[in-house]
Amino acid sequence: MSDVQRMKTLMVFDFDHTVVDDNSDTWVIRCLPNQTLPDSVKKSYRKGHWTEFMGRVMKYIGDQEVTPDRVRSVMETIPFTAGMMDLLTFISEHKSTIDCIVISDSNTIFIDWILHAAGVQGAVDQVFTNPAKFSELGYMEIHCHHTHNCTQCPVNLCKKEVLELHLSNQSDRGVEYERIFYVGDGGNDLCPTSCLRGQDVVMPRKGYTLAKLLDKLQGQEENTSLKAKVMAWDSGTEILEELKASMQS
């Protein structure tokens, strides 16, 4: 196979407030009878330790005898961000030229349920997130994705390390990417943008933290960490238009 044929596009998505138009970790609270957490759980959160907090949330949900089926039925109602279904459908129809991964601070079960319910799981090649499973007693248990030494990121997930490892593994298999699109919204999406190249595109959601952080970064005279082009978006439709234009260029 020639190098030209091997060159593909890689789409990298965050999940919460990017693919879906809410936070899957807070959406799950809707499965409780009164749709609220007690203060003892709410106040147990420590900055940078969200995954441990979600473990306590899911333990409380289990204590209330909420069944896994009930949790699933609630999670499947989370809305997708405008235009994302069309974007993911397009990606699923062009798998020979587009690879697609999700790097998220949610968990494997929530993302799997949501993508399957919408019928768009075929668009996504791999999901890098916190592993989750249900215990024999019906309690959902969540573990950290990995450990890392990055001082900028939450203890359980450095998205830059995940992306770099994925690109390295793909390269070992003979897959190089002509262009990478990184689509996200949050503060933890800033770190991976520093490993993008000049031909790549970082796409922050307008009005969210990542867009503000990138604005600040671009305003600095000594900005050496960001090489990629920045294109902000409101809907998946804009991302799709940019992706199509890129494939034709």
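Biologist: How do the residues in the lining of the largest cavity divide by class: nonpolar, polar and charged?

Modeller: Keep in mind that this is a predicted model. The structure holds 1 cavity of 30 Å³ or more, and the space in the largest cavity comes to about 40 Å³. Its lining includes Met 58, Ile 61, Val 71, Phe 134 and Met 140, along with Gly 62 and Gly 138. By class, that gives 8 nonpolar, 3 polar and no charged residues.

Biologist: Which element gives the largest share of the lining of the largest cavity?

Modeller: Two helices each supply at least two lining residues, α4 and α5 (68-75). Met 58, Ile 61 and Gly 62 are on the lining list, and those three also turn up among the buried residues of α4. The largest share is 3 residues, and it comes from α4.

Biologist: OK, staying with helix α4 (residues 50-63), how far does it reach from its first C-alpha to its last?

Modeller: The helix has 14 residues, and at 1.5 Å a residue you'd expect 20 Å. The model comes out close to that expectation. After α4 comes Glu 65, with a positive phi near 60°. As for the reach of α4 itself, the value is 20 Å.

Biologist: Now the open spaces. Which residues are the closest to the centre of the largest pocket?

Modeller: This pocket holds about 530 Å³ of space, and 22 residues line it. Its lining has 4 nonpolar, 11 polar and 7 charged residues. The closest to the centre are Asn 23, Trp 50, Asp 105, Pro 154 and Asn 188.

Biologist: And which strand brings the largest share of the lining of the largest pocket?

Modeller: The whole protein has 10 helices and 8 strands to pick from. For this lining, the largest share is 3 residues, and they sit in the stretch 98-107. That stretch is strand β2.

Biologist: What about the second largest pocket: which elements each supply at least two residues of its lining?

Modeller: That one has a volume of about 220 Å³. Lys 8 and Thr 9 are on the lining list, as are Glu 178 and Arg 179, and Ser 246 and Met 247. The lining splits into 2 nonpolar, 4 polar and 3 charged residues. Matching the numbers to the elements, you get β1 (8-13), β6 (177-184) and α10 (236-248).

Biologist: Is β6 enclosed or open, and how many of its residues are buried?

Modeller: Buried here means under 20% relative accessible area. β6 is largely enclosed by the rest of the structure, because most of its 8 residues meet that cut-off. The number buried is 6.

Biologist: Which residue of β6 is the bridge partner of Leu 10?

Modeller: β1 and β6 run parallel, and 6 bridges join them. β6 also pairs in the parallel sense with strand β7 (residues 201-204), over 4 bridges. In that second pairing, Phe 181 has Val 201 as its partner. For Leu 10, the partner in β6 is Ile 180.

Biologist: Last one, on overall size. What is the radius of gyration of the protein?

Modeller: Of the 249 residues, 48% count as buried. The C-alpha atoms fill a box of roughly 55 × 40 × 35 Å along the principal axes. A compact globule with 249 residues would have a radius near 18 Å, and the protein agrees with that. Its radius of gyration is 19 Å.

Terms used: Residues numbered from 1 in each chain as written. Predicted model: local features only at pLDDT ≥ 70, side-chain atom pairs only at ≥ 80, totals over all residues. Heavy atoms only, no water. 1 Å grid on protein atoms, 1.4 Å probe; cavity = no way out; pocket = protein on both sides within 12 Å on 5 of 7 lines; lining within 4 Å. Points joined across faces, edges and corners; volume = space filled by probe spheres on them. Nonpolar A, V, L, I, M, F, W, Y, C, P; charged D, E, K, R; others polar. Expected span 1.5 Å × (residues − 1). Buried < 20%, exposed > 50% of the residue type's maximum accessible area, 1.4 Å probe, protein only. Pairing = 2+ DSSP bridges. Rg over C-alpha atoms; globule rule 2.2 N^0.38 Å.
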